[in-house]
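Okay, thanks for having me, everyone. I'll walk through this one element by element, so let's get it up on the screen and dive straight in.

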Amino acid sequence: MPACGVCQKILDTGPHENELTGMHNSWDSLIQSIEKGCPICFYVWQKIRPDPSTHYRDVQVNRFECRWHEWRQRSEAIESAPADIRFDLWISQLPESYKTVEVHLVDLGLCGTSASSPSQTLPNLRKLRGHDATAHVVLDQNALSNPTIDSIVSWLEHCQKHHKHCRYTPSSPKGSNNLPARFLDLHGQRSKTWSLVVAGDNHPVRHSNYIALSHRWADGMPKLLKTNIDRYQSSQRDDVLPQGYQDIFALCRRLSVQYVWIDSLCILQDSNADFQKEASSMTEVYSGAYCTLSLSWNSESLFFNGRNPCTTNPTVEHHRHGDKREAIVLAHGQHYKEVAKAPLFERGWVFQETMLSPRIIHTGREQLYWICRQDSRCEAYPDGFPTKLEWELGTLSSSMRRDFTKTSSRDLRQLWDLVVKQYSRTSLTYETDRLVALSGLARLWASLRPDDYIAGLWKKRILSNLCWIDDNDGAPQSKGGGPVLNSSYIAPSWSWASGSYVISYPAWISGKRDEIPHLYSFTEPQMKPLAYFQSYDVTPRGPDPFGQIDCAYITLVCYMTRLESVEFAGHNSQWWATGVSLEEPKKTQSFHGRVNLTLTHYDQSLPCFLVPLLLGVTGSAIYGLVIQQAVQGHGKGHGKQYKRIGHFEDRAFGRAYANTMELAAQQLPGRGDPPQIGEYQVFEQNFKRCFSSWNFKEDSHFQRLKAAKGEWAFEGEWETVTLI
């Protein structure tokens, strides 16, 4: 579809340098051009709309003007690659002020005639130029059209044949059924009925492709209950379900996939026991699916009945550049908004489903998207995104999901920290699901890298896993006054899952060799342990060790230093807090570090203590916990029981703590309580050797610290502490 007369005139002549050239001077004028199919006007609307679910007819605008501003061309670094032509639009849309929108064109006339050069950077542009008319996909008003189905089938076949990371599925017991415990049978391509299948030894189908659904729950959606499970196992008409479900069934049948898994219809919704059992199988359900259908936006109809294909197709236009040349309009930023920024991805359960799924079909607002572990495509670009757009969907299609298919500890070492960081930025309807909704990924992780799972943390990396930081910075994640503390017990205070925190980790921990017992050898040049992890205990609420828990504790042998006072300025964190002071026999010295307290755990009537955990040698930083004795314990563990109430970080590693570590080395007891044969002795000997002599391989910074140490230290004592 050609550009409207207004836009084509600009393309033909170009704006005058350093001048604003009038475009549409009213909202109605812009809308009329959109409805006639002008791709540039539609792109302007995409850039200024609040979100992809908003329709331009529903927006009230009192004053609107849009002007072109100068024309610039950027050459590509790659020889023979298409040039990027950019127009800047200045748009005034009340009640907003002026904003700049970039309209990007890729100049096809500069591609050259070689078949290989353009394909290396923009694989499908030669088809879009019209040289191969049969390959130019024209979108239909409905995404169940033959061209779209053909594209999806080719994506699936290509992925299965060529993508080794997408073929990976977690190992399952020998002879087990790859189908879920329950699934829906769609009764063939021409059928209009379905039924629930309860898999078992007597069921004739044991191995078959199925599609899994990832979606947001809505009011009135059909649910599997104890009262209808028997009825659903007999044939049901499609139209007993909402239109969205009928659309899902229609797509599956068009793809010749007879089986589908939908959580609301395959898990009993009035049985907590069934929920716990089926929640523990999510690893197999999503990683074993032929494909996952992700309903990114809520809509009565999933497949865009009535969409305007003229504005969705990548459209070739003419522009002025000497002789007339062709250019394709690139919708920068829109694909990312349609998928990664869709409401669906705000949900915690969906994060896990996305990570586990090898192949995903996303329903955007205007077209379908394909994302697997190695590739991303869409209806408008069925042969692959142009290079200039590939980055937009990279967050879902590449590193994190692909890394979960690797077995190297080096590749996986820091991946869990990134998973927790991303997951903590999602929301859950029920906070009790905080560990459950990640249990599938935890189970997969354990199969790749055997380790003990401790309430969201891992034993081998327990010291660095304890170093999580709440980035709420005094603001609630959802609503209320600060981080939302779970009203019922979800996790211990030292676990990131104990509240709705927004998690990050100190940057200097990333990429270090931080596993126990390697840390206790003190051979890691960039990180030294300052505490000894002695034991742990976790009591699961059910049979799943990765799901809900009733209680948990860890026991540390650590050097505790008392905090004398804490002053706040109306927030739960006090960065570079000079109001935090440490108790010392002769004097009080300000602690010029970062202290963050989780107010939901804090009792001002009880003393607080610093517990250093790790020393970052390169960054000269000490990281540790702020703890407080628990008023009510749970009767397990050794010694006094404490709760984590926050963390501290001394990035400068000042003279006080330099002396403190030397004092701690002198006082470190010769055995644990109870003693750990071998491992504790290794920690003890190396700690004393390291901090008594400041043996840091002639590091110049620490040599200066050694020479400049003062006469005082923060006095504390070694304790065996149980954290609950």
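Let me start with helix α20, where S439, G440, L441, A442, R443, L444, W445, A446 and L448 are buried. Buried here is under 20% relative accessible area, exposed is over 50%, and partly exposed is in between, with a 1.4 Å probe and protein chains only. Nine of the ten residues of α20 are buried, so the helix is largely enclosed by the rest of the structure. When I say helix or strand, I mean DSSP runs numbered from the N terminus: H or I over at least four residues for helices, E over at least two for strands.

Before going on, the ground rules. This is a predicted model, so local features need pLDDT of at least 70 and side-chain atom pairs count only at pLDDT 80 or more, while totals for chains, interfaces and linings use all residues. Residues are numbered from 1 along each chain as its sequence is written, and side-chain values use heavy atoms, with hydrogens and water left out.

The overall picture: the protein chain comes to 24 helices and 30 strands, and buried residues make up 56% of its 724 residues. Among contacts (heavy atoms within 4.5 Å) with a separation of 6 or more, 71% are between residues 24 or more positions apart.

Back to α20, then: how does it sit against α19? The axes of α19 (residues 415-423) and α20 (residues 439-448) come within 12 Å and cross at roughly 180°. That makes α19 roughly antiparallel to α20, the cut-off for that word being over 145 degrees. Axes, by the way, are lines fitted to C-alpha atoms, for helices over the stretch in contact, and the angles run from 0 to 180 degrees between N-to-C directions. On the α19 side you have L415, W416 and V419, and they meet L441, A442 and W445 in α20.

α20 also turns up around helix α10 (residues 272-279). The buried residues of α10 are D274, Q276, E278 and A279, and they pack against β5, α11, α14 and α20. Just ahead of that, in the loop between α9 and α10, is I267. With 7% relative accessibility, I267 counts as buried. Leaving aside residues up to four places away in sequence, I267 touches R182, L224, W261, D274, F275, E278 and M282. Its C-alpha is separated by 9.4 Å from that of F183, 84 residues apart along the chain.

Now the sheet. Nine strands make an open sheet in the order β8-β6-β5-β9-β7-β10-β13-β14-β15, with mixed pairing; strands pair if DSSP finds at least two bridges between them. β8 and β15 stand at the edges with a single partner strand each, so one side of each is left without a neighbour in the sheet. Helix α6 (residues 146-162) packs on this sheet, touching β10, β13, β14 and β15, and its direction makes about 0° with that of β14. Inside the sheet, β7 and β9 run parallel and are joined by three bridges, with Y210 partnered by Y259 in β9.

Over to β27 (residues 608-616), where nine of nine residues are buried. β27 pairs with β20 in the antiparallel sense over three bridges, with P529 partnered by L614. On to β28: eight bridges join it to β27, again antiparallel, and C608 stands opposite Q628.

Two oddities in the loop between β19 and β20. P517 is there, and the peptide bond from I516 to P517 is cis, with omega near 10°. F522 is there too, with a positive phi of about 60° although it is not a glycine.

Which residues join F522 in an aromatic cluster? They are Y520, Y532, Y559, Y680, F683, F687, F691 and W718.

Last one: Y453 and F546 form a tilted aromatic pair, 5.4 Å centre to centre with 40° between the planes. Rings of Phe, Tyr and Trp (its six-membered ring) pair if their centres lie within 6.5 Å; planes under 30 degrees apart are stacked, over 60 edge-to-face, and the rest tilted. Y453 is in β16 and F546 in the loop between β21 and β22, so the pair ties together parts that are 93 residues apart in sequence. Y453 and F546 are buried. Happy to take questions.

Methods
Angles under 35 degrees count as roughly parallel, over 145 as roughly antiparallel, 65 to 115 as roughly perpendicular and the rest as oblique.
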